Amino acid sequence: METGSVTTEILGKSFDEVEQKLGDPIQEDRFELGVVVSEFRIELTNLFDETQRTQNPPNIREVTWSLSPDENLTIWFSKSEETDWRAIHVMSWHPDDQF
């Protein structure tokens, strides 16, 4: 499965739609995105500025799938009062990568 095409197909999709396409994830975490952000999640700061993360921290659902022995795919979903969990960012990475 080519990651570039997966990214364009996934962004904006609901969690249920993504899970139906990719199967069961291997890991999941939920958190409020605050001011302090780990290296693994740093790209989310491009979507939510510091003011937003301070005044109204977005709810994030971080879900990882194993696509192959050499590729994991993490998808971040955001949820608001008006919407269900929607994919907002995607990152492909090797399981041996250190963050």
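**Looking at H2 and the core in a predicted model**

Glycine 23, just after H2, takes a positive phi of about 90 degrees. The model discussed here is predicted.

Student: Which residues of H2 are buried?
Tutor: Happy to start with this helix! Buried means under 20% relative accessible area. On the other side of H2, Asp16 and Gln20 are exposed, so look away from that side. The buried residues in H2 are Phe15, Val18 and Leu22.

Student: Why do the buried residues of H2 line one face of the helix?
Tutor: Picture yourself looking down the axis of H2. Its buried residues line one face because, in that view, they fall within an arc of 65 degrees.

Student: How many residues make up the largest nonpolar core?
Tutor: Helix H2 and strands S2, S3 and S4 are the elements that give two or more residues to this core. Among its members are Phe15, Val18, Leu22, Trp65, Phe77 and Trp85. In soluble globular proteins, nonpolar side chains tend to be buried together. The largest nonpolar core here has 12 residues in all.

Student: How many residues are in the second, separate core?
Tutor: Good one to look for in the structure! Leu33, Val37, Ile60 and Trp93 are included in this second core. Its size is 10 residues.

Student: What radius of gyration does the protein have?
Tutor: Its chain has 99 residues, and a compact globule with that many would have a radius of gyration near 13 Å. The protein's value agrees with this. The radius of gyration is 13 Å.

Technical notes: Residues numbered from 1 in each chain as written. Predicted model: local features only at pLDDT ≥ 70, side-chain atom pairs only at ≥ 80, totals over all residues. Heavy atoms only, no water. Core = buried A, V, L, I, M, F, W, Y, C linked by side-chain atoms within 4.5 Å. Buried < 20%, exposed > 50% of the residue type's maximum accessible area, 1.4 Å probe, protein only. Helix = DSSP H or I, 4+ residues; strand = E, 2+ residues; numbered from the N terminus. Arc of directions from axis to C-beta. Rg over C-alpha atoms; globule rule 2.2 N^0.38 Å.
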